[in-house]
Amino acid sequence: MIIYKAKDYQDMSRKAANIISAQVIMKPNCVLGLATGSSPIGTYEQLVEWYNKGDLDFSKVTSINLDEYKGLGPDNEQSYRYFMDTHLFNHVNINKSRTFVPDGLAQDTEKACAEYNQIIAQAGGIDLQLLGLGSNGHIGFNEPGAVFEQETHCVDLTESTIEANKRFFSRIEDVPRQAYSMGIKSIMQAKKILVIVSGESKANALKQALHGPITPALPASILQLHNDVTFVADEAAMSLLDV
Ligand SMILES: N[C@@H]1[C@@H](O)[C@H](O)[C@@H](COP(=O)(O)O)O[C@@H]1O
C-alpha cells in the first residue's frame with residue numbers, strides 16, 4: 001500500500017490525476033473504474049486541463065462507474081451519469097458508447113446487476129479503480145455491514161449517507177433511498193485501486209480504513225488486503241494519523 005500525503009484538495013487532485021494519466025499513457029485502451037462525489041471533481045478538472053493541452057488521449061479508454069442512484073435517469077442533474085458527462089465525458093475524446101454507469105431506471109434489479117457484472121467481465125476487468133471514501137467508511141455505495149463477497153447489487157442507503165449527500169439535492173426527501181453499486185468483490189478485483197480522501201470529516205474513516213480491523217462494519221478496511229492500492233489524502237484527512 002502506498003500513501004501519498006497531499007497538502008490540500010487541489011494537490012490531492014493533481015496527484016490523483018497524475019496516477020490516472022500514467023495509466024492512460026501506459027495502456028491507452030485501459031479500463032478505468034470511475035467514481036462520483038465531491039472528491040473526484042478536482043481530479044477530473046485536472047484531467048480535462050491536460051487533455052486540452054494535448055497531453056492525454058481517451059479515445060481507446062473504457063470507463064465503468066461504481067454506482068448510480070436507483071430511480072434517477074441520465075437527464076436528472078443529480079444522477080451519476082449526468083455527473084460524469086458534465087465533469088469528464090463531455091470534455092474529453094472518450095467514446096461515450098464505452099462509458100458505463102449502472103442504469104438507475106432499470107426496473108428488473110437482478111437483471112440490471114447481472115448485466116453490469118457482465119459489462120465488467122467483457123471489458124476484461126478494471127485496470128485502475130478510482131474510489132472516494134464515505135465518512136462512514138463506505139466505498140461505492142457499499143455501506144457498513146456490506147457483504148465482502150458481493151458484486152453489483154442494489155443497496156439501501158444508510159441515513160448517514162442520505163444526510164451526507166443531501167447537499168446535492170434541494171430537499172432531503174429528494175435523495176434516493178436506494179442505489180445500484182458495484183460490490184466489494186468487484187472493487188477488489190480491480191488490478192490497481194486509487195483512493196482519494198479530502199477533509200477532516202473523513203479523518204476517522206481514513207484512520208480506520210488504514211489501521212483498523214478488517215471488518216464489514218468499515219467497508220474500506222478490506223482495501224488492506226489488496227496488493228496494489230494507493231491512497232492520496234490531504235493533510236486534513238490525515239490529521240488523525242501518526243505521519
Ligand atoms: N457513492 C458515493 C461514493 O462513491 C463517494 O466516494 C462517497 C464520498 O463522497 P464525497 O466525495 O462527496 O465525500 O459517497 C458517495 O455516496
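**Ligand shell, sheets and a helix pair**

Around the ligand lie 13 residues, of which Gly 37, Ser 38, Ser 39, Gly 132 and Gly 134 come nearest. By character, the shell around the ligand divides into nine polar residues, three nonpolar ones and one charged residue. The model described here is a predicted one, and a tour of its sheets and of one helix pair follows.

A good place to begin is the parallel sheet. Strands of a sheet pair through backbone hydrogen bonds, either parallel or antiparallel. Here, seven strands in the order S1-S10-S9-S6-S2-S3-S5 build an open sheet with parallel pairing. At its edges stand S1 and strand S5 (99-100), each with a single partner strand, so one side of each has no neighbour in the sheet.

Several pairings in this sheet can be followed residue by residue. Starting from the S1 edge, strand S1 (residues 2-6) pairs with strand S10 (residues 229-234) in the parallel sense, over five bridges. Within this part of the sheet, Lys 5 has Ala 233 in S10 as its bridge partner. S10 also pairs with strand S9 (residues 192-197), again in the parallel sense and over five bridges. Here Thr 230 in S10 is the residue that stands opposite Leu 194. Moving on in the strand order, S9 is joined to strand S6 (residues 128-131) by four bridges, and these two strands run parallel. Ile 193 in S9 stands opposite Gln 129.

A second sheet is antiparallel. This open sheet has three strands in the order S4-S8-S7. Strand S4 (67-69) and strand S7 (153-156) are its edge strands, and each of them pairs on one side only. On average, neighbouring strands of this sheet are turned by 25 degrees against each other when direction is ignored. Four bridges link S7 with strand S8 (residues 178-181) in the antiparallel sense. His 153 finds its bridge partner in S8 at Ser 181.

Attention now turns to the helices. Two packed helices are described by the angle between their axes and the distance between the axes. For helix H1 (residues 9-26) and helix H2 (residues 41-52), the axes come within 8 Å and cross at roughly 55 degrees. H1 and H2 are therefore oblique to each other. The crossing in which H1 passes H2 is right-handed. On the H1 side, the contact is made by Tyr 9, Gln 10, Ser 13, Arg 14, Ala 16, Ala 17, Ile 20 and Ser 21. H2 contributes Gly 42, Thr 43, Gln 46, Leu 47 and Trp 50 to this contact. Sorted by character, the residues of the contact of H1 with H2 comprise six nonpolar, six polar and one charged.

Note on methods
Residues numbered from 1 in each chain as written. Predicted model: local features only at pLDDT ≥ 70, side-chain atom pairs only at ≥ 80, totals over all residues. Axes fitted to C-alpha atoms, helices over the stretch in contact; angles between N-to-C directions. Parallel < 35°, antiparallel > 145°, perpendicular 65-115°, else oblique. Left-handed = near helix turned anticlockwise from the far one by under 90°. Contact = placed C-beta atoms within 7 Å. Nonpolar A, V, L, I, M, F, W, Y, C, P; charged D, E, K, R; others polar. Pairing = 2+ DSSP bridges. Near = placed C-beta within 6 Å.
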